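Work through the exercises below with the sequence and the model side by side, and try each task before reading its solution.

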Amino acid sequence: MMASDTTALPFVDRRNTARRAHLVLGALLVLVSLASLAVGASGTSLWGALMKLAQGQPLTLTERVVLWDIRAPRLVMGICVGSALAVSGAVMQGLFRNPLADPGILGVTSGASLGAVSIIVLGAALPAAVQSTLGAGLLPVAAFLGAWGSMLLLYRVSTRAGRTSVATMLLAGIALGALFAAFSGILIFLADDMQLRELTFWSLGSLAGASWLKLTIAAPVILVSLVLACSLGRGLNGLALGEAAAHHMGIPVERTKTLAILAVSAATGTAVAISGGIGFIGIVVPHLLRLATGPDHRGLLINAGLLGASLLLAADMVARVVVAPAELPIGILTALLGSPVFLWILLRKRGLVDM
Amino acid sequence: MLKAKNISVSYGRKQVLHGLDLTARAGTLTAIVGPNGSGKTTLMRALTGDVAFDGTVMLGDTDIARAKPYDLAAQRAVLPQATPLAFPFHAVEVVRLGLRGGINTNDRLALTALSRVGLDGYANRFYQELSGGEQQRVQLARVLCQVWRPVVGGIPRWLFLDEPVSSLDIGHQLTVMNIARDFARAGGGVVAVMHDLNLSAMFAHQVVLMQSGHIIGHGAPAQVLTDAQVSRAYGCDIRTSSAPDDGGWFMLPQSAGGEDRERVTRSA
């Protein structure tokens with residue numbers, strides 16, 4: 001049974017489509033980034049500042065502060081959070097073999113929030129040594145641990161003998177999310193006025209709190225977890241056929257699962273720590289991409305990162321502009337966009353829920 | 001050579017396989033047959049390492065309980081009974097997954113494999129929109145890609161097929177059984193769990209007959225699938241015979257349909 005030469009069949013190779021999408025989405029991200037730097041309440045012009053720089057003239061203080069200290073970190077944070085949420089969604093869907101998996105819906109975000117809330121409320125009670133070593137990293141670390149714990153629990157509960165029951169997964173996610181939210185509620189109940197202020201500010205789900213200080217910790221963690229996630233493409237492709245079949249194809253199943261859970265936890269945990277809960281990016285982006293370029297995770301994960309970043313930046317611009325000079329919490333916008341998509345998948349593929 | 005020694009498997013407290021021994025030679029097709037619940041699928045799962053078992057399974061020099069997944073994947077491919085997919089893969093994309101598992105990564109092979117299983121022109125069809133039988137053949141193409149050459153470097157490779165023809169029409173049953181037999185003839189090893197006794201008798205070099213977690217017959221079809229053995233295993237009256245021209249062995253269920261026939265005779 002040697003490979004006999006086949007006559008060249010005219011067929012579409014969606015890997016090429018996915019590769020072209022890398023370029024298109026990369027260009028889109030550059031455009032949206034420039035727009036995001038240019039748009040804002042203060043009326044400072046990006047173009048004017050660039051012209052000045054090109055002619056070697058110094059920038060005014062306002063221009064420097066608005067562009068470099070306010071808009072630029074917000075841009076980087078938007079890219080980090082958007083790509084982290086979209087890639088986490090795609091990895092979770094691959095891991096659970098289901099297009100409805102998402103860190104927000106399955107309680108992973110709630111787990112991360114619980115971690116973050118615990119630090120805000122109880123952080124002062126930690127030994128001074130721990131506080132000084134971790135410093136500003138305390139909140140992201142706690143959010144990561146919260147996300148990781150909820151991922152492990154969720155996978156344990158919803159996967160039996162290498163098969164994931166979709167109904168169990170969704171219900172377990174809802175139950176775990178509610179449980180974590182209840183614990184967070186107890187902590188919030190215990191919080192004093194100062195802490196409450198901090199909590200409210202944090203939990204709005206916004207990119208408004210962006211600063212270079214936060215990003216020095218968050219950006220590298222998210223970058224590493226995204227690179228890790230993108231390296232799992234082949235393994236997740238295999239897992240789409242089930243754990244046994246993946247094993248028979250030579251994929252180290254346990255390692256792939258462990259790394260996927262770690263990558264999702266680190267990316268989601270960090271994103272939640274710096275931006276609060278922003279939902280539905282993780283479900284909308286991978287779904288649209290699968291329709292356009294196919295479900296092969298090797299191309300999908302990279303494209304999800306690019307599109308997720310663009311989408312969140314675009315949503316952030318809308319949030320800043322529609323009720324200017326006030327700001328709409330961005331979570332409201334992503335939910336408005338995302339929940340109909342979720343329902344659409346659910347209705348169109350009813351068979352999935354019975355699987 | 002596939003050598004399984006003293007294989008026992010329990011699900012909870014219930015022991016379903018009782019210390020089985022089994023040998024299969026490369027270059028032959030071995031069919032595992034038996035009634036529902038006799039443990040043939042469990043035996044297959046033990047041979048492929050999908051269930052925990054007591055005993056040893058050696059594939060050539062490889063102890064399958066200890067081998068690395070990629071070492072095993074280079075030596076043998078496993079076709080499951082049915083594989084539902086939640087994502088909108090094209091048929092060719094599913095087949096291509098098999099290329100990565102094996103040692104042959106020539107991309108064109110995916111198309112060749114699709115046409116080998118009779119799915120020419122199905123490359124860009126959505127897997128989820130195919131019929132059960134077509135999905136099964138896409139999976140077979142994937143598995144074939146993984147071990148495309150039956151012998152590599154003098155070492156035979158293996159196909160493990162769990163009910164490969166159960167959802168196929170008779171024409172495609174023959175296509176698939178021919179693929180399996182060709183693989184064996186070219187020096188590879190094939191082990192298949194089979195429901196159809198006649199196809200087993202037609203294509204298998206060796207038949208393993210199971211009943212209640214025991215192997216009650218192991219050898220050439222004509223020796224194992226006798227009137228007495230088959231009737232005992234399946235708990236009904238089955239007559240076996242051979243076709244007059246080339247001596248092919250077959251079984252007729254008609255002999256077990258006695259009650260109806262009596263009624264017909266009486267009323268006539």
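**Exercise 1.** Find the bridge partner of Gln211(B) in strand 12 of chain B, and then describe the sheet to which this strand belongs.

*Solution.* The bridge partner of Gln211(B) in strand 12 of chain B is His214(B). Strand 11 (residues 206-211) and strand 12 of chain B run antiparallel and are joined by five bridges; here strands are DSSP runs of E with at least two residues, helices are runs of H or I with at least four residues, and both are numbered from the N terminus. Two strands count as paired if DSSP finds at least two bridges between them. Next, place the pair in its sheet, which is open, has six strands in the order 6-9-10-3-11-12 (chain B) and shows mixed pairing. Strand 6 (76-79) and strand 12 (214-219) of chain B stand at the edges with a single partner strand each, so one side of each has no neighbour in the sheet.

This is a predicted model, in which local features need pLDDT of at least 70 and side-chain atom pairs count only at pLDDT 80 or more, while totals for chains, interfaces and linings use all residues. Residues are numbered from 1 along each chain as its sequence is written, and chains are lettered from A and ligands numbered from 1 in the order in which they are written.

**Exercise 2.** Which residue in strand 5 of chain B stands opposite Met58(B)?

*Solution.* Opposite Met58(B) stands Asp63(B). Strand 4 (residues 54-59) and strand 5 of chain B pair in the antiparallel sense over two bridges. They belong to an open sheet of four strands, ordered 2-1-4-5 (chain B), with antiparallel pairing. Strand 2 (14-24) and strand 5 (62-63) of chain B are its edges, and because each has a single partner strand, one side of each is left without a neighbour in the sheet.

**Exercise 3.** Is helix 5 of chain B mostly covered or mostly uncovered, and what span should its residues have?

*Solution.* Helix 5 of chain B is mostly covered, since 13 of its 15 residues are buried, where buried means that 20 or more other C-beta atoms, placed from the backbone, lie within 10 Å of the residue's own. For the span, take 1.5 Å times one less than the number of residues; helix 5 (residues 132-146) of chain B should therefore span 21 Å, and its end C-alpha atoms are indeed 21 Å apart.

**Exercise 4.** How many residues does each chain bring to the contact?

*Solution.* Chain B brings 38 residues and chain A brings 32 residues, with two residues in contact if their C-beta atoms, placed from the backbone, lie within 7 Å. On the side of chain B that touches chain A, helix 3 of chain B gives the largest share, six residues.

How values were computed: Buried ≥ 20, exposed ≤ 12 C-beta atoms within 10 Å, placed from the backbone.
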